[in-house]
Amino acid sequence: MDDHPLLLPLLDEALTRRGWLEPADVEAVAREARVPLARAWEAVRFYPRYRTEPPEKRWLLVDDPVARARDFSALLVELEAAGAQAGVHVGTLPSLGLEAVGPALVVEEGAYGRVFAPVQVADLRALAVGKLPPHERETLPAELARNDGVLFGDPDPPPDFPGSDAIVDAVRAADLRGMGGALFPTWRKLEAVRAQASEVKYVVVNGDESEPGNFKDRWLMEHNPRLVWAGAALAARAVGARTIYFYVRGEYTAALERVESARTDLERAGYFDALATHTFRGGGLYICGEESALLESLEGRRAEPRLKPPYPAESGLFGRPTLVSNVETLAHLAWIAAHGAEAYRERRPKLLSISGDVERPGVYELALGTPLAEALEAAGGRPDELQAVLMGGAAGTFLKLPDASELPLDFEVPRLSGDSVGPGALMAFDRTRDLWAVVEGVSAFFAHESCGKCFPCSLGTPHLHAAVMQRERGPELEELFLALEEGSLCGLGQAAPWAVRSLLRRFEGVVR
Ligand SMILES: Cc1cc2nc3c(=O)[nH]c(=O)nc-3n(C[C@H](O)[C@H](O)[C@H](O)COP(=O)(O)O)c2cc1C
Ligand code: SF4
């Protein structure tokens, strides 16, 4: 029999019933989930949404790199004034995949908040006298997918499953890479899980997407979840798994509902055959997207990365061989299965989340290899008027324009210069923007999101943030970059210095 992760879903049920958790709720959940009480409390203390007191009303401004470069500070000042007037607690929240439609505000009164975007100074002033901002935003607009990508249309899954060998062969011939950021060849992971002798295997869809600047997975989950489920079902067939868990970022409520509704529709239509499928509300922390931390979180533990090896392909969920794949990767897989590797290689599609100083921020499907300037132009950007692009996300690097205009957005090419397309975020900044304000936000983000498991990151990220706030530079800062990059256990700490370092190296006079 498969194990089943119960702890977080049961805590969520209790949370939804009352709005917060009483000790009796936690005890009841621990009994029902058949875990020691101490483990249930560990989860309650680790994941921020499990409040143990009645939630107070809070107004939270979303802090992402695009907002930071614009009027984040001014908006926060207004919000603080409004909060003081109305007696409401004010704070900030990390990126919510709203860079293309922000700046965004979350109004919290119960377990989950209501999101408003875009907000302006006048909206925040009106809050003080009880008026909510006009634009409530539960989902990304469907029109945010701006061109005619194959992953936007064709929402129906392929009619027939090809055999499992055929799936792996097609994925290899297509040269599909992991779209969660690492760009690892997907067929290798499929092969590795398939080669395991275990009777029980899992496929886990990584829909955690909390990398600032990225919203393409959010769009797919909200507007084309059937394609992702189709890819997951094909992947399960390819590796011999009988169970799929779709892990959706905790704060993406609409995405969660749409993923679940697509699941029930497909199940009713007999699409999954003998496969067991589950939608899972994620823990609501950036580290939950790291694949092994995600598995810990599915098991109801603190989302802390595991030491590797063993990799999830050998020992993943509940110690069983597990394929963890990104939402977009699986959408590609479904398309490849339906249309063949050759058609895929002709297109080499990649979803890019383009935001910041472009006329039409949104999700664009462009061919890999497209030069950076062309990608920006597709979104109505004028590369000659821009000073920089933050590529990849907070865990990305600053590229200087026009120097990097011809850089092909491809797997290997940017990496040669120490950059990576990563999951595909391009945040554009014109010459009026304060790039240092962006790294102030990025370094605060890493210090806040470090899970605390290893010293280089848990000590180094607050140190880095303090250095950025003091506008320090020099050999000590370089040593800190190195300590984080080489000493941290997982990609969070390793990537924490990249944005700051690339900004210092490529932009003269950025520290004044
Ligand atoms: C701190 C951190 C956060 C991550 N967040 C995500 C995420 O939100 N979504 C995702 O697909 N991959 C994320 N990853 C990458 C995953 O660990 C993993 O490589 C990916 O899910 C594998 O899927 P793919 O091969 O299809 O890309 C993250 C990695 C790190 C280090
Ligand atoms: S690098 Fe940071 S996030 Fe990763 S395990 Fe260490 S402390 Fe946790």
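The paragraphs below lead from the overall dimensions of this predicted model to its sheets, its ligand shell and some local features of its backbone.

The chain contains 21 helices and 13 strands. Its radius of gyration is 22 Å, close to the 24 Å that the globule rule gives for 512 residues, so the chain is as compact as a globular protein of that length. Along the principal axes, the C-alpha atoms occupy a box of roughly 60 × 60 × 45 Å. Burial and contact order add to this picture. Of the 512 residues, 52% count as buried. Among contacts with a separation of 6 or more, 71% are made by residues 24 or more positions apart.

Two sheets may be taken in turn. In general, the strands of a sheet pair through backbone hydrogen bonds, in either a parallel or an antiparallel manner. One open sheet is built from four strands in the order E2-E1-E3-E4, with mixed pairing. Strand E2 (89–94) and strand E4 (113–116) are its edge strands, each pairing on one side only. From one strand to the next, the twist in this sheet averages 25°. Strand E3 (residues 105–108) and E4 run antiparallel and are joined by four bridges. Within this pairing, Val-107 has Arg-114 of E4 as its bridge partner. Helix H5 (residues 72–86) lies across strand E1 (58–63) and E2, and its direction is at about 180° to that of E1.

The loop between E2 and E3 holds Pro-103. The peptide bond that leads from Gly-102 to Pro-103 is cis, with omega near 5°.

The other sheet is also open and mixed in its pairing, with five strands in the order E10-E9-E13-E11-E12. Strand E10 (362–367) and strand E12 (397–400) stand at the edges; each has a single partner strand, so one side of each is left without a neighbour in the sheet. Here the twist averages 30° from one strand to the next. Strand E11 (residues 386–391) and strand E13 (residues 425–430) run antiparallel, with five bridges between them. Met-391 stands opposite Leu-426 in E13. Across E11 and E12 lies helix H21 (residues 498–506), which runs at about 25° to E12.

Attention now turns to the surroundings of ligand 2. Which residues are the closest to ligand 2? They are Cys-451, Cys-454, Cys-457, Cys-490 and Gly-493, within a shell of 14 residues. Helix H18 (455–469) and helix H20 (491–495) each contribute at least two residues to this shell. By residue class, the shell around ligand 2 comprises eight nonpolar residues, five polar residues and one charged residue.

A single position in a helix illustrates the packing of the chain. Ala-235 belongs to helix H10 (residues 225–239). Is Ala-235 buried or exposed? Its C-beta atom has 28 others within 10 Å, and because 20 or more suffice for burial, Ala-235 counts as buried. Apart from its neighbours within four places in sequence, Ala-235 is in contact with Leu-190, Val-203, Leu-323, Ser-325, Leu-330 and Leu-333. By contrast with these contacts, a separation of 42 Å lies between the C-alpha atoms of Ala-235 and Glu-53, which are 182 residues apart along the chain.

The remaining features concern backbone geometry. Most residues other than glycine have a negative phi, and most peptide bonds are trans. Besides the bond already described, a cis peptide bond joins Lys-308 and Pro-309, with omega about -10°. Pro-309 is located in the loop between helix H12 (291–298) and strand E8 (322–326).

Leu-183, although not a glycine, has a positive phi of about 60°. Leu-183 is placed in the loop between helix H7 (164–174) and helix H8 (186–194). With 19 other C-beta atoms within 10 Å, Leu-183 is partly exposed, because burial requires 20 or more.

Asp-273 likewise has a positive phi, near 55°, in a residue other than glycine. Its position is in the loop between helix H11 (253–268) and strand E7 (276–281). How many C-beta neighbours does Asp-273 have inside 10 Å? There are 10, and because a residue with 12 or fewer is classed as exposed, Asp-273 counts as exposed.

Terms used
Residues are numbered from 1 along each chain as its sequence is written. Chains are lettered from A and ligands numbered from 1 in the order in which they are written. This is a predicted model: local features need pLDDT of at least 70, side-chain atom pairs count only at pLDDT 80 or more; totals for chains, interfaces and linings use all residues. Two strands pair if DSSP finds at least two bridges between them. Axes are lines fitted to C-alpha atoms, for helices over the stretch in contact, and angles run from 0 to 180 degrees between N-to-C directions. Two residues are in contact if their C-beta atoms, placed from the backbone, lie within 7 Å. A residue is near a molecule or strand if its C-beta atom, placed from the backbone, lies within 6 Å of it. Ala, Val, Leu, Ile, Met, Phe, Trp, Tyr, Cys and Pro count as nonpolar, Asp, Glu, Lys and Arg as charged, and the others, Gly among them, as polar. The radius of gyration is taken over C-alpha atoms; the globule rule is 2.2 Å times the number of residues to the power 0.38.
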